Amino acid sequence: MVEDIRKLGNSSVLFIDGHLATSNLTPGRQVYGERLVVLEKGEFRLWNPRRSKLASAVLNGLDNFPFKDNSKVLYLGASTGTTPSHISDISKGGLIYCVEFSPRMMRKLVDLAQARPNMIPLLEDATKPRNYLHLVEKVDVIYSDVAQPNQTELFMNNMRLFLKEHGVGFLMLKARSIDVARDPAEIFREEESRLKTAGFRVLEKIDLEPYEKDHVALVCELSF
Ligand SMILES: C[S@@+](CC[C@H](N)C(=O)[O-])C[C@H]1O[C@@H](n2cnc3c(N)ncnc32)[C@H](O)[C@@H]1O
C-alpha cells in the first residue's frame with residue numbers, strides 16, 4: 001500500500017494508493033459506506049470525490065485549502081453529513097456548525113454528531129441566517145452546498161454575518177439549480193460577477209468535472 005501525506009494548506013490529507021483519505025475521528029465507523037484503511041499511524045477513511053464536491057475540488061487542483069486542525073466552519077446544506085464528516089476528521093480540534101433544513105436529513109446528521117463532538121447540527125434555513133445568529137460564532141470558513149436557485153444570495157448573506165476577517169468561503173455552484181435550459185458557463189460568469197459587484201474577491205474557480213457535471217467551486221473572500 002503506497003501512502004503519501006500531502007500538505008494541503010496547514011492540514012494533512014493523505015493519499016493512499018492514489019485515493020484521497022482523512023484520518024478517522026471515530027475508528028471502526030463508516031459514514032456513507034466509504035472504505036476504511038488501517039495504517040501504522042491509525043485508521044483512515046477514503047474520501048470519495050463522486051460523493052463530496054470538496055474532494056473533487058482537491059483532486060482538480062484546489063490551491064486554497066483553509067481547513068486546519070482547529071478551524072471553525074459554518075457548513076450550509078450539510079445533508080446527512082458526507083462532506084462535513086471529512087471536515088470533522090481534518091478539523092478535529094475545531095467546530096463545524098452544520099445547517100440543514102430537511103428534518104429527514106437532520107435525523108441522520110444528529111446520529112452522526114453524537115459520535116463526533118466537533119459537529120453541531122442546526123435545523124435551520126440558510127436563507128434566514130439571522131435565526132441562528134445567537135447560535136453560531138464568527139468562523140474561519142463558510143462552505144455552502146445547497147443546490148438551490150438562491151444559492152449565491154444566501155452564501156453572500158451568511159459570509160457577511162459570520163466570516164472572520166481573513167476567512168474564506170466556498171460556494172459550490174450547481175448551474176442546473178439556477179436554470180436547466182441555459183449554458184452553464186454563462187450562469188457561472190453571471191454568478192461570479194454578482195459576487196464581485198457585491199464586494200467579494202474570487203480567489204479560485206474550479207470546474208468539478210468529471211466528478212460532478214455542470215458544477216464549479218468558487219473560493220471567495222470578503223473585501224473588508
Ligand atoms: C447537495 S446536498 C448537500 C450535500 C453535502 N453538502 C455533502 O457534500 O455531503 C444539498 C443539501 O442542502 C439542503 N438545503 C437546501 N436548501 C437549504 C436551505 N435553505 N437551508 C438549509 N439547507 C438547505 C438540502 O436539504 C440538501 O440536504
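Ala, Val, Leu, Ile, Met, Phe, Trp, Tyr, Cys and Pro count here as nonpolar, Asp, Glu, Lys and Arg as charged, and the others, Gly among them, as polar. The model is predicted: local features need pLDDT of at least 70, side-chain atom pairs count only at pLDDT 80 or more, and totals for chains, interfaces and linings use all residues. Residues are numbered from 1 along each chain as its sequence is written, and side-chain values use heavy atoms, with hydrogens and water left out.

**View 1. The shell around the ligand.** The ligand is surrounded by 18 residues (each with a heavy atom within 4 Å of it). Y75, T83, E100, A126 and D145 are the closest. By class, six are nonpolar, seven polar and five charged. Helix α2 (residues 82-90) gives the largest share of this shell, three residues. Helices (H or I, at least four residues) and strands (E, at least two) are DSSP runs, numbered from the N terminus.

**View 2. Polar atoms at the ligand.** Which side chain has an N or O atom 2.6 Å from a nitrogen atom of the ligand? That side chain belongs to Y75. In the side chain of E100, an N or O atom lies 2.6 Å from an oxygen atom of the ligand. Q148 places a polar side-chain atom 3.4 Å from a ligand nitrogen. Taken alone, the ligand exposes 610 Å², and the protein buries 86% of that (Shrake-Rupley method, 1.4 Å probe).

**View 3. The largest pocket.** The ligand takes up the space of the largest pocket. A pocket is an open set of points on a 1 Å grid over the protein atoms alone, where a 1.4 Å probe fits, with protein on both sides within 12 Å along at least five of seven lines. Its volume is about 480 Å³ (the space filled by probe spheres set on the points). The lining has 26 residues (each with an atom within 4 Å of a point). G77, A78, S79, E100 and D145 lie nearest the pocket centre. By class, the lining has nine nonpolar, 10 polar and seven charged residues. Both α2 and β7 (95-100) supply at least two lining residues.

**View 4. Two backbone details.** Most residues other than glycine have a negative phi, and most peptide bonds are trans. The bond from E209 to P210 is cis, with omega near 5 degrees. P210 lies in the loop between β11 (200-207) and β12 (215-222). D17 has a positive phi, near 50 degrees. D17 sits in the loop between β2 (11-16) and β3 (19-23).

Note on methods: A polar contact is a pair of N or O atoms within 3.5 Å; within protein, one must be able to donate a hydrogen and the other to accept it, and residues adjacent in sequence count only if both atoms are side-chain atoms. A molecule sits in a cavity or pocket if more than half of its atoms lie within 2 Å of its grid points.
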